[in-house]
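Hi,

Here is the structure I promised to pass on to you. Have a look at it first, and then read on for my notes.

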Amino acid sequence: MTEILVVEDDLAVSQMLTVLLQRAGYDVTPVPNAAEAWQKVQRGVDLVVLDLGLPDRDGLDLCRDIRNHRPGLPILVVTARTSEQRACRDRCNPRRRCRP
């Protein structure tokens, strides 16, 4: 079964994403911060759903570290903040899609 890691500090958003993905048949592990996310990524997951506004670390920095550690791991960046959307768009390479 596909294991999805949801990295989101907002409990309501995390629960909503977790329930929706579980209903779609995925094995979902929610974590509220970058430290726990990094531990899970090192143990192995199939997809990361990543909020950029995390309490313990910048989500873009975590994204970069995940890319360096597991280059082929898909990462879906989710954020509601316009400034973070611009930052993501600015740091994307031509092979990646960044949409507000």
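To start with one residue: where is Asn 33 found? Asn 33 sits in the loop between strand 2 (27-31) and helix 2. Please keep in mind as you read that this is a predicted model.

Is Asn 33 buried or exposed? Its relative accessibility is 16%, so Asn 33 counts as buried, the cut-off for buried being under 20%. The side chain of Asn 33 reaches the backbone nitrogen of Ala 35 at 3.3 Å. If you set aside residues up to four places away in sequence, Asn 33 touches Val 7, Pro 55 and Asp 56.

Now for the chain as a whole. The secondary structure of the protein chain comes to four helices and four strands. Read from the N terminus on, these elements run β-α-β-α-β-α-β-α. Of the 100 residues in the protein chain, 36% are buried. The chain exposes about 6200 Å², and carbon and sulfur atoms supply 48% of that area. You may also like the contact statistics: taking contacts between residues at least 6 apart in sequence, 64% join residues at least 24 apart.

Next, a pair of helices. How do helix 2 and helix 3 lie relative to each other, roughly parallel or roughly perpendicular? The axes of helix 2 (residues 34-43) and helix 3 (residues 59-69) come within 11 Å and cross at roughly 10°. Angles under 35 degrees count as roughly parallel, and helix 2 and helix 3 are therefore roughly parallel to each other. On the helix 2 side, the contact is made by Ala 34, Ala 37, Trp 38, Val 41 and Gln 42; helix 3 brings Leu 62, Asp 65, Ile 66 and His 69. Sorted by class, the contact of helix 2 with helix 3 has six nonpolar, two polar and one charged residues.

Ile 66 is worth a click while you have helix 3 on screen. Ile 66 lies in helix 3, and with a relative accessible area of 1% it is buried. Which residues is Ile 66 in contact with, leaving aside its neighbours within four places in sequence? They are Trp 38, Val 41, Val 48, Pro 71, Leu 73 and Ile 75. Trp 38 and Val 41 are also among the helix 2 residues that make the contact with helix 3. As for Val 48, it is 18 residues from Ile 66 in sequence, and the two are 9.4 Å apart in space, C-alpha to C-alpha.

Leu 60 is also found in helix 3. Its relative accessible area is 11%, so Leu 60 is buried. Leu 60 and Leu 50 are 10 residues apart along the chain, and their C-alpha atoms are separated by 9.1 Å.

Last on my list is Ser 14, which has its place in helix 1 (residues 11-23). At 6% relative accessibility, this serine counts as buried. Not counting residues up to four places away in sequence, Ser 14 touches Val 6, Glu 8 and Pro 30. How far apart are the C-alpha atoms of Ser 14 and Asp 51? They are separated by 9.7 Å, with the two residues 37 apart along the chain.

Happy browsing, and all the best!

How values were computed. Residues numbered from 1 in each chain as written. Predicted model: local features only at pLDDT ≥ 70, side-chain atom pairs only at ≥ 80, totals over all residues. Heavy atoms only, no water. Axes fitted to C-alpha atoms, helices over the stretch in contact; angles between N-to-C directions. Parallel < 35°, antiparallel > 145°, perpendicular 65-115°, else oblique. Contact = heavy atoms within 4.5 Å. Nonpolar A, V, L, I, M, F, W, Y, C, P; charged D, E, K, R; others polar. Buried < 20%, exposed > 50% of the residue type's maximum accessible area, 1.4 Å probe, protein only. Areas by Shrake-Rupley, 256 points an atom, 1.4 Å probe, with all protein chains shown as cover. Polar contact = N/O pair within 3.5 Å; in protein donor to acceptor, adjacent residues only side chain to side chain.
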